[in-house]
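This report describes parts of one structure, element by element. Please look at the sequence and the structure before reading on.

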Amino acid sequence: MRGDTGEQSFTLVLVVDADSQTRETLRQAITRSGCQVAVAPDGAEGLSAFERLGPDMVVVGAGIPMVDGFTLCGRLRELPGGDRLPVLMVTPPGDQQAIERALEAGVTDVITMPINVNLVRNRAQYLLGAAHIDRVIERAKTEWEATFDAVSDVIVLTDPEGQIIRCNRATVEGLQTSFRQVIGRPIREAIFGDLEPDGEGAWVRTGEMELPCLGGYCDVSRYPIRLQDSLYGVVYIIQDITERKQMEAKLVASQRLADLGRLAAGVAHEINSPLQVITGVSRSLMDRLEQGTLATERLERNLDVIHRSGWRCADIVRALRTYAHASAAQIEPNDLNEMVEDTLLLIENQLKSWSNIAVETDLTPDLPPLRCDRNQITQVLINLLTNARDAVPAGGKITIGTAYDAESARLVLAVSDTGVGIAESIQANLFDPFFTTKPAGEGTGLGLSIVAGIVRAHAGEIDVNSVVGKGTTLTAYLPDRVPEVGSSPSASGGRFDASPYSEHPAGT
Ligand SMILES: Nc1ncnc2c1ncn2[C@@H]1O[C@H](COP(=O)(O)OP(=O)(O)OP(=O)(O)O)[C@@H](O)[C@H]1O
Ligand SMILES: [Mg+2]
């Protein structure tokens, strides 16, 4: 079909035959099917007309002079655009041998003399239609393959059993192999072969993971392909996210530095006041001693001030130790409900003194295991319980709840109290280090900032819900699976650097 250039579209058929009568009959038959016709009397002119005009089809007589029909067909097949060209050959009546030779020479179809005009028209239409469909399919295939190969992500198509049917260029380049080596192999072996099966025994995984065979950190997505209601195959798209992960790790590192700076400033500020008291009051005591004007009563009072300021410093130092200890986490699968029960045992003695406070649990059974650092999550619970206790000075109820949110694959740990509640104006500051509303000496204001840091280090989030005068619920959402590599692709072995310090609510 010409006319792709925007000119009027028409189909051109080249008729090559020595006999002018036959040429004319063929021309008329083909013209009736709506095509234009060019004619040539022999093989040599037929070849040159083909090269000049680029017809959509050739009809050739078997016994033409110069170059015979069989040879002409063979030559046409070797020319550009000739391999898929429909060639219809006209053979002498009753000549079986000519038909055999024609088919061997690669003609598409054969008709025999005498020419039946309707049959010629019919065949021409059929062969041109088939050639057109062939071209459309070929073009679609080429376009699809080029698209597939233009994508830099690895794209693999498997059958329902996981054998690779097709893949793009990025796949063979990434695996440093050839298409032949990849096609037909199980995807489990070709792509995931270096990994152990996951917790559920699956080898083929989705999500973010290190894929050594592709030399990087990847995000694997999987899409089933359905054809007529049955599973035809599965397409995997594997994106290299090594660079993104490295950027994230750098961001986390720079945030930790900023956190550290803020913490240092906070510590300096907090310790400075009691130290000033200690140095100032002791100086004045020494002066009075020198001058012989130091009364015992003043000495007692001032020593008490120094003593309390010293303890304030000691409290701050003790709280800071938690940061130091939290820096190397031991990540293991733990039963969250069991951890809650154990924590309650741990603080059993303190609980006894909470005489007017009822502590209840609302634990959802059969939770999936939580991959976490047991000590750190216990620390979270103790800090939340201590805050809840302080919030119900006149007595009340504290509830510890656990649950699993299947949709987000996160375990939920909530501590609720029926206490004083938290004014909205200070909710944004709760997680700031040294933020406290408690009287001097009763709170360092580090409890919730430690909680937020631990939750964040477990890739979780923490949420506050509070109504003044009614009570407060603090809820930690913890993914059931902390990413194996933590926030940095280089960390490994199930250990990760907890960032126990956070200025903001973790993940919020
Ligand atoms: N359950 C709660 N009900 C009411 N207020 C709360 C609750 N939990 C925390 N808060 C408020 O948040 C502030 C900060 O809590 P955080 O645990 O960080 O420090 P703290 O309890 O004051 O001191 P620390 O825990 O270091 O002894 C508390 O002073 C309190 O005002
Ligand atoms: Mg506290």
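In this predicted model, Leu 157 stands opposite Arg 166, which belongs to strand 7. The two strands concerned are strand 6, residues 154-158, and strand 7; they pair in the antiparallel sense over three bridges. In general, the strands of a sheet are joined through backbone hydrogen bonds, and the pairing is either parallel or antiparallel.

Strands 6 and 7 belong to an open sheet of five strands, whose order is 7-6-10-9-8 and whose pairing is antiparallel. Which strands stand at the edges? They are strand 7 (164-167) and strand 8 (207-211); each has a single partner strand, so one side of each is left without a neighbour in the sheet. From one strand to the next, the twist averages 30 degrees.

Helix 6 covers residues 169-175, and Ala 170 lies in it. Is Ala 170 buried or exposed? A residue counts as buried if 20 or more other C-beta atoms lie within 10 Å of its own. Ala 170 has 20 C-beta neighbours inside 10 Å, so it counts as buried. If neighbours within four places in sequence are left aside, the contacts of Ala 170 are Val 151, Ser 152, Asp 153 and Val 154. Ile 155 is 15 residues away from Ala 170 along the chain, and the C-alpha atoms of the two are separated by 7.5 Å.

Another group of strands pairs in the parallel sense, with strand 4 as a partner in both pairs listed here.

| Strand pair | Sense | Bridges | One facing pair |
|---|---|---|---|
| Strand 3 (residues 57-61) and strand 4 | parallel | four bridges | Val 60 and Met 89 |
| Strand 4 and strand 5 (residues 109-112) | parallel | four bridges | Thr 91 and Thr 112 |

The chain passes from strand 4 to strand 5 through helix 4 (residues 96-105), and this β-α-β crossover is right-handed. Strand 3 is linked to strand 4 through helix 3 (residues 69-78), again by a right-handed β-α-β crossover.

Why is strand 4 described as largely enclosed by the rest of the structure? Strand 4 runs over residues 87-91, and five of its five residues are buried, so the strand is largely enclosed. Both of its faces are covered: Val 87, Met 89 and Thr 91 are buried on one side, and Leu 88 and Val 90 are buried on the other.

The last part concerns ligand 1. There are 22 residues around ligand 1, and those that come nearest are Asn 387, Ala 391, Thr 436, Gly 443 and Gly 447. Helix 13 (374-391) and helix 15 (447-457) are the elements that give two or more residues to this shell. Helix 13 provides the largest share, four residues. Sorted by class, the shell around ligand 1 has nine nonpolar, eleven polar and two charged residues.

Helix 15 is also largely enclosed by the rest of the structure, because eleven of its eleven residues are buried. Among them are Gly 447, Leu 448, Ser 449 and Ile 450, and the buried residues also include Arg 456 and Ala 457. Just after helix 15, Ala 459 takes a positive phi of about 60 degrees.

Note on methods. Residues numbered from 1 in each chain as written. Chains lettered and ligands numbered in written order. Predicted model: local features only at pLDDT ≥ 70, side-chain atom pairs only at ≥ 80, totals over all residues. Buried ≥ 20, exposed ≤ 12 C-beta atoms within 10 Å, placed from the backbone. Pairing = 2+ DSSP bridges. Right-handed = clockwise from strand over helix to strand, strands pointing away. Contact = placed C-beta atoms within 7 Å. Axes fitted to C-alpha atoms, helices over the stretch in contact; angles between N-to-C directions. Near = placed C-beta within 6 Å. Nonpolar A, V, L, I, M, F, W, Y, C, P; charged D, E, K, R; others polar.
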